[in-house]
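Work through the exercises below with the coordinates open. Each one sets a task and then solves it in steps.

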There are 2 protein chains.
Amino acid sequence: MQSMDKNIGRNLLVKLSYDGSRYHGWQVQNNAVSVQEIFQNALWEVLKETVNIKGCSRTDAFVHANTYAVSFKTNGSIKASNLVYALNRLLPNDIAVSSAVEVPWDFDARYSCTGKEYVYKIWNHRIKNPFMHNYALHYWYKLDTDLLSEAANSFIGTHDFTSFATLDKREQKNMVRTIYSFEVIKKDSMIELIVSADGFLYNMVRILVGTLLRVAQGKIKKEAIPSIIEMKDRKYAGPTAPPQGLYLNKVFYNLERSINT
Amino acid sequence: MQSMDKNIGRNLLVKLSYDGSRYHGWQVQNNAVSVQEIFQNALWEVLKETVNIKGCSRTDAFVHANTYAVSFKTNGSIKASNLVYALNRLLPNDIAVSSAVEVPWDFDARYSCTGKEYVYKIWNHRIKNPFMHNYALHYWYKLDTDLLSEAANSFIGTHDFTSFATLDKREQKNMVRTIYSFEVIKKDSMIELIVSADGFLYNMVRILVGTLLRVAQGKIKKEAIPSIIEMKDRKYAGPTAPPQGLYLNKVFYNLERSINT
């Protein structure tokens with residue numbers, strides 16, 4: 001694909017959503033079914049061409065996506081709007097393509113991404129919700145959403161988030177990220193933690209949520225958060241919250257600027 | 001159980017909810033896993049006693065319950081409130097017990113039931129919803145909810161609903177039912193059809209919904225509904241809508257009266 005003539009192919013941005021319950025995350029893996037593998041097979045059926053798919057991020061096993069973005073270059077002539085229907089016809093019911101558009105040649109779903117938003121859902125009720133076991137964390141004890149919200153606010157800003165990342169050999173060395181917003185919304189018994197940033201480290205949202213739950217339990221004081229950030233040591237933060245409550249919600253691109261440059 | 005002394009045991013009413021995706025309905029069946037079987041096993045673990053469980057209704061494979069009611073007589077001494085926790089600890093994540101109360105000896109979850117409410121969910125959008133494939137019917141073409149609502153209204157009242165029932169040898173011969181209300185609610189792309197009645201014939205809600213969709217398609221005129229009822233013949237109604245959109249939502253009992261008699 002690297003040698004593809006700039007004047008021949010097109011670069012396409014495809015947005016999709018998926019229920020991650022059956023999958024071991026986005027990225028192709030040995031001995032486990034990934035969303036990428038299923039998507040790639042459907043794409044091959046439509047284009048009859050092996051394309052190099054760039055996904056906007058890795059996602060962990062059982063994590064969901066309300067929006068996921070991929071880009072790839074193709075010599076195929078299918079209209080972008082027809083691609084949506086052709087892929088949806090082939091994809092299983094738990095993966096849906098919502099849009100496909102042509103983008104500038106240098107656009108890359110991963111490297112052109114300017115930010116992301118995640119949602120973490122918590123079913124906060126004494127009784128489990130039988131419809132939510134794959135879609136939210138079940139948390140028995142009543143959570144104080146005001147306290148959660150105050151603690152979440154103290155993460156906002158530009159920080160080195162080493163304390164809130166799982167060590168990963170593949171991870172880049174720059175651990176500084178900027179959290180733009182971190183909201184706590186309660187609808188009946190469902191609490192949603194919504195966090196947006198210019199980027200996230202490996203497991204960062206799940207560790208932020210695990211830390212907020214420790215604050216709710218009184219095991220970490222909300223005033224201690226700045227010093228936990230300062231420590232740059234994973235062991236001072238809370239545990240990694242389980243994956244099934246996590247949704248990649250939005251993926252941000254500055255496509256206008258990308259077109260103008 | 002029939003011979004159980006009235007002065008010894010207790011009669012309990014347990015309410016539960018379940019995600020029916022993995023189950024072949026409520027009723028115990030050969031060669032298929034039912035909710036009743038799973039519930040019965042959990043109950044045996046708690047009571048160490050084989051009880052005769054009365055379920056409020058049969059439900060078809062893949063149909064869900066926001067509320068389902070069972071009653072049974074037991075010699076066990078466990079407190080009703082403890083039973084809720086003991087059962088939830090044993091039941092899988094897709095079945096949840098919400099309450100347990102002692103009821104009069106002659107109460108029966110099926111025969112004491114004075115009415116039920118069902119919800120049928122339709123995801124009405126060109127693009128499938130990957131989170132709803134087990135929880136709603138996907139309907140591509142835009143539905144006119146005003147038309148659906150007007151057509152639904154013409155089912156309200158006391159009628160012989162033979163045209164809207166699948167023949168079933170087990171079914172009682174009285175095909176007259178009273179529909180109290182039939183509402184159509186749209187929230188974003190999700191349409192909910194909510195119907196309550198004193199009782200429902202086999203497959204009745206799914207055939208009512210299938211008929212409403214035929215009205216939306218212009219294949220049955222809404223003015224024709226009274227004559228379809230009149231025909232007392234299944235072949236004039238619409239098809240049976242698929243099970244995954246259907247939820248038993250509420251089960252009505254007149255427990256005060258039951259206690260006073």
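**Exercise 1. Count the residue pairs in polar contact between domain 1 and domain 2 of chain A, then describe the domain 1 side.**

Solution. This is a predicted model, and side-chain atom pairs count only at pLDDT 80 or more. Step one is the count: 12 residue pairs are in polar contact between domain 1 of chain A and domain 2 of chain A. Step two asks which element leads on the domain 1 side. β3(A) gives the largest share of the side that touches domain 2, with six residues. Step three sorts that side of domain 1 by class: seven residues are nonpolar, five are polar and four are charged.

**Exercise 2. Find the salt bridge across the interface of domain 1 and domain 2 of chain A.**

Solution. Start with the bounds. The domain assignment of chain A puts domain 1 at 10-111 and domain 2 at 115-252. Now search across the interface for a side-chain nitrogen of Lys or Arg within 4 Å of a carboxyl oxygen of Asp or Glu. The rule finds one salt bridge there. D60(A) pairs with R206(A), and their closest N and O atoms are 2.8 Å apart. By the bounds, D60(A) falls in domain 1 and R206(A) in domain 2.

**Exercise 3. Give the extent of the contact between domain 1 and domain 2 of chain A.**

Solution. First, the residues: 16 from domain 1 of chain A are in contact with 18 from domain 2 of chain A. Next, the area: about 1,400 Å² is buried between the two domains. Carbon and sulfur atoms give 46% of that area. Last, the spacing: the C-alpha centres of the two domains lie 27 Å apart.

**Exercise 4. Which turn and which shift lay chain A on chain B?**

Solution. Superpose the copies. A turn of 180° with a shift of 0.0 Å along the axis lays chain A on chain B, at an RMSD of 0.0 Å. That is the relation of a two-fold axis. Then locate the axis. F131(A) comes closest to it of the residues of chain A, at 5.5 Å by C-alpha. Finally, compare the contact surfaces. 100% of the contact residues of chain A recur in chain B, so the same surface serves both copies.

**Exercise 5. Describe the interface of chain A and chain B by area, contacts and elements.**

Solution. Take the area first. About 1,900 Å² is buried between chain A and chain B, and carbon and sulfur atoms give 62% of it. K128(A), P130(A) and F131(A) supply 36% of the area that chain A buries against chain B, more than any other three residues.

Count next. The contact takes 26 residues from chain A and 26 from chain B. There are zero salt bridges between the chains. The rule finds 10 residue pairs in polar contact across this interface.

Now assign elements. β1 (10-18), β3 (64-74), α2 (80-90) and β4 (95-103) of chain A each give two or more residues to the side that touches chain B. β4(A) gives the most, with four residues. By class, this side of chain A has 14 nonpolar, eight polar and four charged residues.

Note on methods. Residues are numbered from 1 along each chain as its sequence is written. Chains are lettered from A and ligands numbered from 1 in the order in which they are written. This is a predicted model: local features need pLDDT of at least 70, side-chain atom pairs count only at pLDDT 80 or more; totals for chains, interfaces and linings use all residues. Side-chain values use heavy atoms; hydrogens and water are left out. Copies are superposed by least squares on the C-alpha atoms of residues with pLDDT of at least 70 in both. Contact means heavy atoms within 4.5 Å. Buried area is the accessible area (1.4 Å probe) that two parts lose on being put together, summed over both. A polar contact is a pair of N or O atoms within 3.5 Å; within protein, one must be able to donate a hydrogen and the other to accept it, and residues adjacent in sequence count only if both atoms are side-chain atoms. Ala, Val, Leu, Ile, Met, Phe, Trp, Tyr, Cys and Pro count as nonpolar, Asp, Glu, Lys and Arg as charged, and the others, Gly among them, as polar. Domain bounds come from an automatic or database domain assignment.
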